[in-house]
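Let's take a friendly walk through one protein structure, stopping at strands, helices and a few single residues. Please have the sequence and the 3D view open as you read.

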Amino acid sequence: MRVHNVRSGRFVAALLAAGATAAFTAAPATATPATSSGLNVNDVNRHLVALQRIAERNDGTRASGTPGYQASVDYVAGKLRRAGYEVSTPDFDFTKYQLDSVELAVAGSPVEAGAMEYSPATPDGGVRAPLSVTPVDDSTGCQAADYEGKDVTGTITLIKRGACTFAKKQRIAAEHGAEAAVIYNNVEGALNGTLGGGDAGVIPTASVSKAVGAELVAKEGESASLTLDATFDEITTENVIAETRTGRKDNVVMAGAHLDSVDEGAGINDNGTGSAALLETALEMGGSPDVNNAVRFAWWGAEESGLIGSTKYVNGLTFEQQLDIAMYLNFDMIGSPNAGYFTYDGDDSDGVGAGPGPYGSAQIERDFTEAMKRQGVEVEGTDFNGRSDYGQFIAVGIPAGGLFTGAGGIKTEAQAAKWGGEAGAAYDPNYHEAADDLGNVDRTALIRNTRAMADVVTHYGETTEEVNGMRSRAERAQARSMAMARPMSAATHTESHGHSCQLPLK
């Protein structure tokens, strides 16, 4: 049953009825969650089935610039228009990267390697040079000081992942004379990453696993060769933007998920799960809900090519249009098969990586934490590392947050004890692989995250006061109660100066 034209409080109650808010223990990754009235795992799963079938009818992919992506856009936009939303599909151009082949060898032996997306191709005949190792510290390869006392001129330099973007690592290596770079993972598993598109790629840049990286560190000074063939094509693709017809247009709650897959497969966890959950949340809300703040939903194109769709969208807004956006909520991979439960670390309480988000991000983190806690799930923080569509929003000062169940990182023993699943294994072993299909989703994690999404989005549709720095209604009510309890002279003083009058910012 769809629920339209309702106050957000009643909408959330419908979504989370029949025990949805009751605490329950973490289920194994294969368990199927009980359904309830309102939001139903089967409704969300139906959208995943649609995306899988779209991929299968279009050469197995939904990557931006392909017929599979266009069919995905048509599916989502059609559903939203029928639900009464104001829908647009603004197009944009981008350079699509196609890797044809990559070969890496060290000391005459071939090495299993990939390539960073948007890596420049090597010259004819490849790059042949000694292997150097960028010194490992807390910011390996992220600042010029990391190369003090180390000469990498004319080498293929090996750099450990972490602390900054892949693009920055290879650019600084190039500035110090490196002919090419090889970035190795800091967690188990293959390394799939991007240099970010445009002219970010300066030197040919390969990628290897943590285990391979450890082997190569011991081979510093040996001869190495890298041959990388790639092409760059100019592509036009689309975002999908849908906004409620009701609510304030100058204090918009924005929520988004990327709709595109990688070229290799259907992308059902990455990011069919975020797209499907966002779509069902929007359909349940309807195009004309009784909310104070307009809600704007976005499905981004070309995320897998370097966050292109979301970046173009934000950069295309004037400062005043950016100011109209109260916050941005991001949902990228929320049904990983060996799921973790993460929310973006808006207050930087973990002290890891990039630091806190813009003002208001800490409150968003707390609200998602509480929404998951009501379902009996204890979340952990995940860093704003710039690898998803929140990136450009926080770059212009818009507070952000969201949910994430993990990609190629490894689940710890403590996390497996807390959440279930397999310790020592990737959250999603099929990340960016052809096997990211309908069988690659933990439906328990998917429905829990979808319920938390609906809870938080609809709450902010009612009020964004705490995110915007305003006192909450409860705090204002308490202040009024305290003012009424003061001696008459003080109350009269307050009243005569107008200090008791506040215009709440919803």
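Strand β6 (residues 156–160) runs parallel to strand β7 (residues 180–184), and five bridges link the pair. Within this pairing, I156 has A180 of β7 opposite. You are looking at a predicted model, in which local features need pLDDT of at least 70, side-chain atom pairs count only at pLDDT 80 or more, and totals for chains, interfaces and linings use all residues. Residues are numbered from 1 along each chain as its sequence is written, and side-chain values use heavy atoms, with hydrogens and water left out.

A few words need explaining before going on. Helices (H or I, at least four residues) and strands (E, at least two) are DSSP runs, numbered from the N terminus. Two strands pair if DSSP finds at least two bridges between them. Strands of a sheet pair through backbone hydrogen bonds, either parallel or antiparallel.

**The strands**

In what order do the eight strands of the open sheet lie? The order is β3-β2-β9-β5-β6-β7-β8-β4, with mixed pairing. At the edges are β3 (109–111) and β4 (114–115), each of which pairs on one side only.

Strand β10 (residues 240–243) is another good place to look. Its pairing with strand β1 (residues 86–88) is antiparallel and has three bridges, and E243 of β10 is the bridge partner of E86. Strand β12 (residues 293–300) also runs antiparallel to β10, joined by four bridges. Here I241 lies opposite A298 of β12. Are the residues on the two faces of β10 buried or exposed? V240 and A242 on one side are buried, and so are I241 and E243 on the other, which leaves both faces covered. Buried means under 20% relative accessible area, exposed means over 50%, and partly exposed lies in between (1.4 Å probe, protein chains only).

**Helix α6 and the helices it meets**

Two packed helices are described by the angle between their axes and the distance between the axes. The axes are lines fitted to C-alpha atoms, for helices over the stretch in contact, and angles run from 0 to 180 degrees between N-to-C directions.

Helix α6 (residues 268–285) and helix α12 (residues 443–462) have axes that come within 10 Å and cross at roughly 45°. That is why α6 and α12 count as oblique to each other. Angles under 35 degrees count as roughly parallel, over 145 as roughly antiparallel, 65 to 115 as roughly perpendicular and the rest as oblique. Contact means heavy atoms within 4.5 Å. From α6, the residues T273, G274, A277, L278, T281 and M285 take part, and they meet L446, T450, M453, A454, V457 and T458 in α12. Seven of the residues in this contact of α6 with α12 are nonpolar, five are polar and none is charged. In this grouping, Ala, Val, Leu, Ile, Met, Phe, Trp, Tyr, Cys and Pro count as nonpolar, Asp, Glu, Lys and Arg as charged, and the others, Gly among them, as polar.

Helix α3 (residues 67–82) packs with α6 at an angle of about 15°, and the axes are 10 Å apart. The two helices α3 and α6 are therefore roughly parallel. Y75, V76, K79 and L80 of α3 meet L279, A282 and L283 of α6. This contact of α3 with α6 has six nonpolar residues, no polar ones and one charged.

Two more details belong to α6. S275 is in this helix, and S275 counts as buried because its relative accessibility is 3%. Beyond residues up to four places away in sequence, S275 touches A257, H258, L259 and W299. N271 also has its place in α6, and the peptide bond from D270 to N271 is cis, with omega near 5°.

**Residues in loops**

Three loop residues are set out below.

| Residue | Loop | Relative accessibility |
|---|---|---|
| G355 | between β14 (342–344) and α9 (361–373) | 11%, buried |
| D59 | between α2 (41–56) and α3 | 78%, exposed |
| A107 | between β2 (91–106) and β3 | 37%, partly exposed |

G355 is ten residues from D345 along the chain, and their C-alpha atoms are separated by 8.4 Å. Apart from neighbours within four places in sequence, G355 is in contact with D345, D348, D383 and F384.

D59 is a residue other than glycine with a positive phi, near 60°. A107, also not a glycine, has a positive phi near 55°.
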